[in-house]
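Good morning, colleagues. Please take a moment to look at the sequence and the structure before I begin.

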Amino acid sequence: MKDLSSYLPITRWVRSYNKEWLRPDIIAGITVGAFTIPEVIAFVSLANLPPEVGLYSAIVALLVYMVFGTSKQLSIGPTSTLSILVGATLGSLMIPNVSQYLMMVSLIAVAAGALALISWVFRLGFIVKFISKTVLTGFLAGIALFIASGQLPKLFGLPPTTGNFFERIYYLFLNIDQTNLYTLALGLGGLIFLIVATKKFPKMPNTLFLVVGSILLVTLTGLASLGVSLVGYIPPGVPMSIIPDLSLIDVNILLTLAATVFLISYIEGYLFAEEYAAKYRYKVDGNQELLALGISNVAVGLFQGLPIGGSLSRTAVNDESGAHSQLSGGVAALVILLVLLFFTGLFYNLPEAILAAIVLFVIRALVDIHHFRAIYNFSKIEFAIAMITLFSVLFFGALEGIVIGVILSVLGLLKNMYNPNVVVLGRIPGTDQFLDIKRHPESQIISHTLIVRVDGSQIFLNTESVKDTIIDLVDKKCEGTKLFVLDFESSAFIDYSGIQMLEELNEELKIRGIKIKAANMHGALRDAIRRSSLEKEIVDSTICLSIEDCIEKWEVENKKNI
């Protein structure tokens, strides 16, 4: 049985914490905390919620994840995707009053957290393994572009809009003549500052400097009077715990929305965490992330919050600011809490265009052109999958995009499994090595012997294709064959349909006067053969025979029969 520390990653990373990480973690935490305040206020407005709800959610989520999470860079809290989903669904229900609406939002968070905890109990973290690197590349690029399309109106000083990526870009195009030049100049100036400062001073908390500097600029110059939008008033205070009322919402709506929220929050969060874990070469535990997400959402729901997940923009800010551990999330939560208690007025003059500039800057690297080019050079089919995933996110949304990408990846895998490569092997002269005769023309086919390797497991999807290919080889291309050697070196598994196929193949070749022998059988595949009638038919030894062994045994048997 696991001890308590296995469920609390904080007990492990605290013990190995490097004191040199403390300063960058604090700086990153302060930066993310300052960045989170205006961003979550903007996000929760998409769910028709007051600003303080976003701040409550961020505080609770960051503190819980610091204790239970395994990613050193992931920053969790309210996200635009989840806020839009909750707002669009509950907004169509004609809820009579604000308090009931807030209670329903909290209930969704608790239900989504409960689903994550159930998934953790049954160790369902493997569901994210269905997402290939190809799909991940397209998904991250699509999400980055989608978020960018939502930030561009802020950069141009236009009112926010909704819809998919193309609808947002069309809105920007139609309203470009209404651009507030002061807002645009401020936003572009912030973007240029980040580009130059990061290049010249990569270790400095440049985003924090930009936030503070822009607040001072607006305060001293009065840019607000020229139409520059500001974050504005944030009510002070801390969240009070509540118990959401299950009777407030239809069970079908609750479960459907909670399940969708859970899937999006887990998949997005895990993908972001994996991206940065790969960058810094450490492991993220998928099942532990389910536990962290579940407890975070339940806790958020009990403290008047809305569903939370991994934030792409804030995770990128956290990384850019130099975070080395989960401590930065705890510092960010403390910053938000202190602001809620004592300093809500400080962020009143923060321009929304600066927030947009920071978001655009930190997500730029997620449109990885180099990776797209590498995929294209490796496989045109996989490149198509990445691009379809990207455009699916842009057209339909995050969940739909990732589902379409996974389906395409699985279909591609099934296609390869359905039609595996069947290779004819020949002997390299002067050796006992047998290689593909197409790739190695110098290899020689042995007289009256056909040696075949199936590159893949023999399972129900491909048994008919494998059998037909072998029979075609025997009847049309390798006439006069007396010995057929099936090399299992590239076959790790065989199911019952595969066993039946081999039995039928054995009977077919018997009729043609051909003997089958099995070579290079290992592990589970050998055990499967042992449980079938093929044991006596195609296996000549209790030990694994090589191709050369099979040929020698057949030659000895053939001489005896003569």
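How many bridges join strand 5 to strand 6, and do these strands run parallel or antiparallel? Please bear in mind throughout that this is a predicted model. Strand 5, residues 449–455, is joined to strand 6 by 5 bridges, and the two run parallel. To locate this pairing, one may start at T449, whose bridge partner in strand 6 is L483.

L483 also leads to the next pairing, since its bridge partner in strand 7 is K515. Strand 7 covers residues 515–519, and its pairing with strand 6 is again in the parallel sense, over 5 bridges. The path between these two strands includes a helix: strand 6, helix 19 (residues 496–511) and strand 7 form a β-α-β unit that is right-handed.

Let us now consider strand 6 itself. Its side chains may be followed in two groups: L483, V485 and D487 point one way, whereas F484 and L486 point the other way, and all are buried. Because 5 of the 5 residues of strand 6, residues 483–487, are buried, the strand is largely enclosed by the rest of the structure.

I turn, finally, to a pair of helices. Helix 6, residues 133–156, and helix 8, residues 181–200, have axes that come within 6 Å and cross at roughly 120°. Helix 6 is therefore oblique to helix 8. On the helix 6 side, the contact involves K154, L155 and F156, which meet T183, L184, G187 and L188 of helix 8. By character, the residues of this contact comprise 4 nonpolar, 2 polar and 1 charged.

Conventions: Residues are numbered from 1 along each chain as its sequence is written. This is a predicted model: local features need pLDDT of at least 70, side-chain atom pairs count only at pLDDT 80 or more; totals for chains, interfaces and linings use all residues. Side-chain values use heavy atoms; hydrogens and water are left out. Axes are lines fitted to C-alpha atoms, for helices over the stretch in contact, and angles run from 0 to 180 degrees between N-to-C directions. Helices (H or I, at least four residues) and strands (E, at least two) are DSSP runs, numbered from the N terminus. Angles under 35 degrees count as roughly parallel, over 145 as roughly antiparallel, 65 to 115 as roughly perpendicular and the rest as oblique. Contact means heavy atoms within 4.5 Å. Ala, Val, Leu, Ile, Met, Phe, Trp, Tyr, Cys and Pro count as nonpolar, Asp, Glu, Lys and Arg as charged, and the others, Gly among them, as polar. Buried means under 20% relative accessible area, exposed over 50%, partly exposed in between (1.4 Å probe, protein chains only). Two strands pair if DSSP finds at least two bridges between them. A crossover is right-handed if, with the strands pointing away from the viewer, the path from the first strand over the helix to the second runs clockwise.
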